[in-house]
Each structure stands twice: as structure tokens, then as C-alpha cells.
Protein chains: 2
Amino acid sequence: MTINGTNGTTNGTNGTNGTKSKYDPNFTQHVIDLMSPETKPRHREILSSLIRHLHDFCREVELTQDEWIIGVNYVNSIGQAWKKNRNEAWRVCDILGVESLVDEINHKVETADGVNPTSSTILGPFWSPDTPFRELGSSVVQNMPPDGELTFFHGVISDAETGKPIPDAVFDMWQASTNGKYDVFDPENQTRHNLRGKFRTDKDGKFSFYCLKPTEYAIDTSGPSAELLRLMGRHPWRPAHIHMMVTHPDYIGVTAQLYPRDDQYLETDTVCAVKEDLLLDFKPVQNEPNGATLDCEYDVRLLSKKYKPDSSMLMQNANQSRF
Amino acid sequence: MTINGTNGTTNGTNGTNGTKSKYDPNFTQHVIDLMSPETKPRHREILSSLIRHLHDFCREVELTQDEWIIGVNYVNSIGQAWKKNRNEAWRVCDILGVESLVDEINHKVETADGVNPTSSTILGPFWSPDTPFRELGSSVVQNMPPDGELTFFHGVISDAETGKPIPDAVFDMWQASTNGKYDVFDPENQTRHNLRGKFRTDKDGKFSFYCLKPTEYAIDTSGPSAELLRLMGRHPWRPAHIHMMVTHPDYIGVTAQLYPRDDQYLETDTVCAVKEDLLLDFKPVQNEPNGATLDCEYDVRLLSKKYKPDSSMLMQNANQSRF
């Protein structure tokens, strides 16, 4: 009979780590073994690991019943806060670093010689499939806010192994305006495609455009995700950032966010999505022909698709509303 | 700067287990360290362990972004299914064995000599604080269903160490009717307090009453918890059971469920709450003075409160509606 034993194992050892446990050492395996032989292998793999870690967590902290009930109520509250354009479970994952970790798991790539492309980081909810191509050197600023700082943004996209420039790569960018809002969520102040643009690199792998110096903004603090932040004594701010999605048919794409190097929230980003090679330097310029007051240069390194032939830029299920 | 590193650790080791990881070995600690110094120690302990296990789970199964989105949507769906008398997060916990595990963590008790009291198992949602005391030997069956099997249920409550009977202990019992429903959820067929009763042991520690042989029932299969069961190839059935909550001022209380030994769902209980010393033998009897067709004897062992002075029977937050 494989039902749960009654005798304590106070003096026994629990599993492979040799530490003593007073709890039934067979219980977790019992729950896992309830899965039928017909369970799909990937479902079995994921659920077995989930059950094991969930149980280990409960035992490790010796979760009290009251604490467990608080957790049960919290999980219920997440879905209750869900509505169109507000995906509360997604936010909770972000705060716990899960989206950023899943991004790394899915996009980390390195050659045998240790060559890395530009780091990936989370896509975020505001990418648009409809962003128009624009001429190199043109501006994405359709609606200039009074406090906007026009920036000339330019760089080279090159092969991370050979250093050779990559012509015809696409640099797709999007950013919030100085009020922290993206075009589609701010119809009163912004026209469609404001602060969005796709740019195709020239024969020397170069791209350039005018945009705004990005502005910090806080995530929504009205729901259960904000309760979690308060419990942890954390702020709700994201560092200022410009999103980019770089693609080319022969190269592994890179989706990332680029942050001003002097942003105060780099180390404490509420969604844990900052990486060292994604930092930008905004340099003051004078008498720029199109009126920019800042210059920003950022180069992108891509790796050949041969290192990850099945790579795709987007999640199949990414068309979920999020914030 | 403690922001996330960019270089892979393909050839490094990750943490204490010596296995190689290609992922940033500092990321999880980075997320944990976002907690402020003012975070309460218990919150820090619980959230650190939660983050660690959540991240280890993602890395262990190399969760894809599509799988992660499925998980995000699933968590949202749990709270969306919540309503009065339907606590979906609680059900999901039950299916994953978490309620049963938390019960063990909180109620497992054993003397230095290895003496155990009767096992505890989950309270369930149907205990009532208003159940009336009844005379020893009386019946809890106020509404006899046509297919009910009247059972004479009796036993002795004794000290697990000394074997001495315990007078004035309270045996509080409740059970579903043959349709799988408890009185408060079945007002058409059952009067209030049907199949519930409290019994005080006599000077010899004995208790006795008439009840029904319990009947198996399935948990609700209309929501996300049932999706999880289907994914695991599991059925929604609970073995038949009689609930008991045994208390005495000088002893550690025991809350448990008692199951017919021949029940087909003992090993696959959907909420994983069966233990070997909680099994009942129902023996046919003839010419029983009050018309019972079955006899069931079950003894309970309690341990002195000196082994767990702070024990209490109920969760402070247990007054949450559940099913």
C-alpha cells in the first residue's frame, strides 16, 4: 500500500541530502506518482518538478496553516484583479524575477569559444507588430512633449564572431513618452506609432534615428502585485528604457531594453530586467542639425542562426493582454 | 554594481551542488536581495525560499516562454473561478498535496521514545463550530437516506504513552450523506446538524454513536483545478470518510478523517489525505437493537499537551469559505 505512512522519520534521513527530516519521506513521491501513465512526458516533467519544489518550500520554511491560508487567499486575489490590459499574474512573476529568468533560459546563447551576442531581456507588453519602417536618420517623435529631450540614436549591428557589419538587419524600437505611457495607452497625447519605428541597416550595418531620452515610470500599484512589493519593502519603479527588437534572417534575433547608465533604478529594477551590456550613454551635443540635445551610440552584436536554428523572436502565446 | 551579469557560466559551477549551469549564477540572489532591510524576518524567510524554489523549478525544467505564459494564464484563471463557497486556490493546493503536507508540518508530533498519537489529516471545509453535544449511544442520523447503512460506531480514547483511557475527551464528528453532500449544502434533503455530533467520553474513555457508513464523492470538476487533474490523468474522487476532531484540555487535539479500509480510492485520494492508521473496518451485524447493519470500532490515541504546549486545533484564518 502506498498511502502515507504514519511513523515519523525523526531519526531517519530524508532523500539524498542526508539531512534529517521528521516528515514522511515518501509523501512527495506519492503525490507525483498519482499522475497516470498516460500523462504526457513534458507535463509529467514540469508537474513533478513543481510539486517537488512546492513541497520542499513548505517543509523548508515550516509553513504554518495560517501562512498557508494567507497564500491561498493571495493566489485567489491575483486572478480576481485580472482584467483586460491588467495581467496581475504576469506582474507578480515579474516582481519575483520569473519573466526575466524565463527570458534568460530561452534566449541565452553562447558559442563554444565563449562568444556572446548582445544580451536579451524581457519583451514587455508594448511591442507592436504594426510599427512602420522609417528612413534611416528620421525621427520617431511624432508628438514632442514639452519636457522631451531629442536624442540622435545611432550604431552598428555586427556579427559577434567576425565583427563584420550586418546589412539589412532590422532595428525595431519603441519607448514610452515622458509621462511613462506608450502611444496606445495615451491617445490624448500621442498619435498611433509615436515613439515607434523600424530601421533597416545600410550596407555598413549602420542604423540611426531620432528619439527621446527615455523616462522612468512606476508599474501600477493598486493590486496584489503591489502588496507583494510592499511586503518586500521594494519600490515599483522601472529604470528608463528604450525597447529594441533586432532581427535578420541569418542571425539569432535579440529583444532587449536599453537603459541610461546613470539611471537610479538600474540595480533595483522592479522587474529585474537590467543587464550590464544594455546600458546607454547620453552625451550632450550642441548645434545638432535637427535640434537634438543628446547623442547616443549603441552597437548590437548578433550570432549566426546556426547556433540556434529554431530560434524565434516571439512567444506563440504572446498576444495575451498584459498591463 | 549588482545588476545581472552578461557572461555565461557554461563552464562554471552553480551553487552548492556542483552541477554546471549556463545561467547567471547570481540572478536568484539578486532578486532576493531586492528586499529591504526593513522586511520582517519571517516574510524574508518565506519569500527567499519561495523565490529560490520558483527559480530552481524554471531552470530545472528549462521552462519555455509559451509554457510560462500558460502558467501565468492558469494562475489568473484560479482567482477568476473563485466565488463564495468555491475556493479554487485551496482546491489546487489539495490536488498538489499542499494542504496535506502543511497539515503534517503543523501537527506531526512524536515523543523522544518514538510514541505517536493518532495521525492528523486535513480539516476540510465542512467542520461546524455549532455542532450540538449528543448523548453517548445516540444517533447523528436525523434524515435517513434510502441507501444509508446505519452503523454503530464506538471506541476508546486513551493516552498514547500510558495506554490509560481519557474521560471527558470530546469526539466531534461530521460526515456527508450518501449523496456526497453535507447538511448546510443540502437543505432540501438534510436538516441542520444532520450527520454531525459531539460526544464526551465516559469514565472509561469510551464513546459511541450511530452514523452512516460514509460514501465516496468527487470534488467539483468544473474549474481550473479539474483542468489540473485532467492534465495529470487523475480522477476527482475522495475516498469515503468520517471526519473527527478529538479534543481534551490536557491533550494535543487530533483532527482527522477516517476511511473504510476497503475503499477503492485510498491510494489515489484526490487531496492526498489518507494515512494508514486512519482506516476503519465496517463489520456486518444482525439483530442490532437500534437497527444498525454495521459495527465499527475505532480507538484514538492522544499525547499530552506537554509535548506541544502551544497546539491549537484551528487555524486563525480557517473561517474562509472554501468549496
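Start by selecting residues 124-302 of chain A: the unreviewed UniProt entry places the feature "domain: Intradiol ring-cleavage dioxygenases" there. Keep in mind as you click around that you're looking at a predicted model. Colour that span by secondary structure, and you'll get 5% helix and 34% strand. Its two end C-alpha atoms lie 21 Å apart.

**Stop 1: two domains in chain A**

Now colour chain A by its domain assignment, which gives domain 1 (24-63) and domain 2 (89-307). Taken over C-alpha atoms, the centres of these two domains of chain A are separated by 39 Å.

**Stop 2: how the two chains relate**

Show chains A and B together. A turn of 180 degrees, with a shift of 0.0 Å along the axis, lays chain A on chain B with an RMSD of 0.1 Å. That is the relation of a two-fold axis. Want a landmark for that axis? Pick G79(A): in chain A, its C-alpha is the nearest to the axis, 1.8 Å from it.

While both chains are on screen, think about the interface. Of the interface residues of chain A, 100% are also interface residues in chain B, so the copies meet through the same surface.

**Stop 3: helix α6 of chain A**

Select helix α6, residues 224-232 of chain A. Which of its residues are buried? They are P224(A), S225(A), A226(A), L228(A), L229(A) and M232(A). Next, find out what those buried residues pack against: α3 (65-80) and α4 of chain A, together with α2 of chain B. So that you don't miss the end of the helix, step on to G233(A), which follows α6(A) and has a positive phi, near 65 degrees.

**Stop 4: a knot of charges**

Side chains of opposite charge can pair when their charged atoms come close. Over all chains, a search of the whole structure finds 26 salt bridges. Let's visit a few.

Show the side chains of R86(A), E88(A), R91(A) and D220(A), which are linked in a network of salt bridges. Begin with E88(A) and R86(A), whose side chains meet in a salt bridge of 2.9 Å, N to O. Then look from E88(A) to R91(A): this is a salt bridge too, with the closest N and O atoms 3.5 Å apart. Both E88(A) and R91(A) lie in helix α4 (residues 88-95) of chain A, 3 residues apart, about one turn of the helix.

Are these side chains buried or exposed? E88(A) is buried, with a relative accessible area of 0%. R86(A) is buried at 8%, and R91(A) is buried at 4%.

Now hop over to chain B and select R42(B) and E45(B). They form a salt bridge whose closest N and O atoms are 3.0 Å apart. Both lie in helix α2 (residues 41-61) of chain B, 3 residues apart, about one turn of the helix. Here R42(B) is partly exposed, with a relative accessible area of 25%, and E45(B) is partly exposed as well, at 40%.

**Stop 5: strands in chain A**

Back in chain A, select strand β7 (residues 242-248). How many of its 7 residues are buried? The count is 6, and the strand is mostly covered.

Look at the strands that pair with it. Strand β2 (residues 170-174) of chain A runs antiparallel to β7(A), and 5 bridges join the two. For a pair to click on, try V170(A), which stands opposite T247(A) in β7(A). Strand β8 (residues 251-260) of chain A also pairs with β7(A) in the antiparallel sense, over 6 bridges. In this pairing, the bridge partner of M245(A) is T255(A) in β8(A). β7(A) and β8(A) form a hairpin, with 2 residues between them.

**Stop 6: a sheet in chain B**

Switch to chain B and show the open sheet of 5 strands, in the order β3-β2-β7-β8-β9, with mixed pairing. Its edge strands are β3 (196-200) and β9 (279-280) of chain B, each pairing on one side only. Inside this sheet, 6 bridges join the antiparallel strands β7 (residues 242-248) and β8 (residues 251-260) of chain B. One bridge to look for is M244(B) with its partner A256(B) in β8(B).

**Last stop: L123(A)**

Finish with L123(A), in the loop between α5 (98-107) and β1 (150-159) of chain A. At 12% relative accessibility, this loop residue counts as buried. Add Q257(A) to your selection: L123(A) and Q257(A) are 134 residues apart in sequence, and their C-alpha atoms are 7.9 Å apart in space.

Definitions and conventions:
Residues are numbered from 1 along each chain as its sequence is written. Chains are lettered from A and ligands numbered from 1 in the order in which they are written. This is a predicted model: local features need pLDDT of at least 70, side-chain atom pairs count only at pLDDT 80 or more; totals for chains, interfaces and linings use all residues. Side-chain values use heavy atoms; hydrogens and water are left out. Helices (H or I, at least four residues) and strands (E, at least two) are DSSP runs, numbered from the N terminus. Buried means under 20% relative accessible area, exposed over 50%, partly exposed in between (1.4 Å probe, protein chains only). A salt bridge is a side-chain nitrogen of Lys or Arg within 4 Å of a carboxyl oxygen of Asp or Glu. Contact means heavy atoms within 4.5 Å. Domain bounds come from an automatic or database domain assignment. Two strands pair if DSSP finds at least two bridges between them. UniProt positions are given in the numbering used here, feature names are shortened, and annotations may be inferred rather than shown by experiment. Copies are superposed by least squares on the C-alpha atoms of residues with pLDDT of at least 70 in both.
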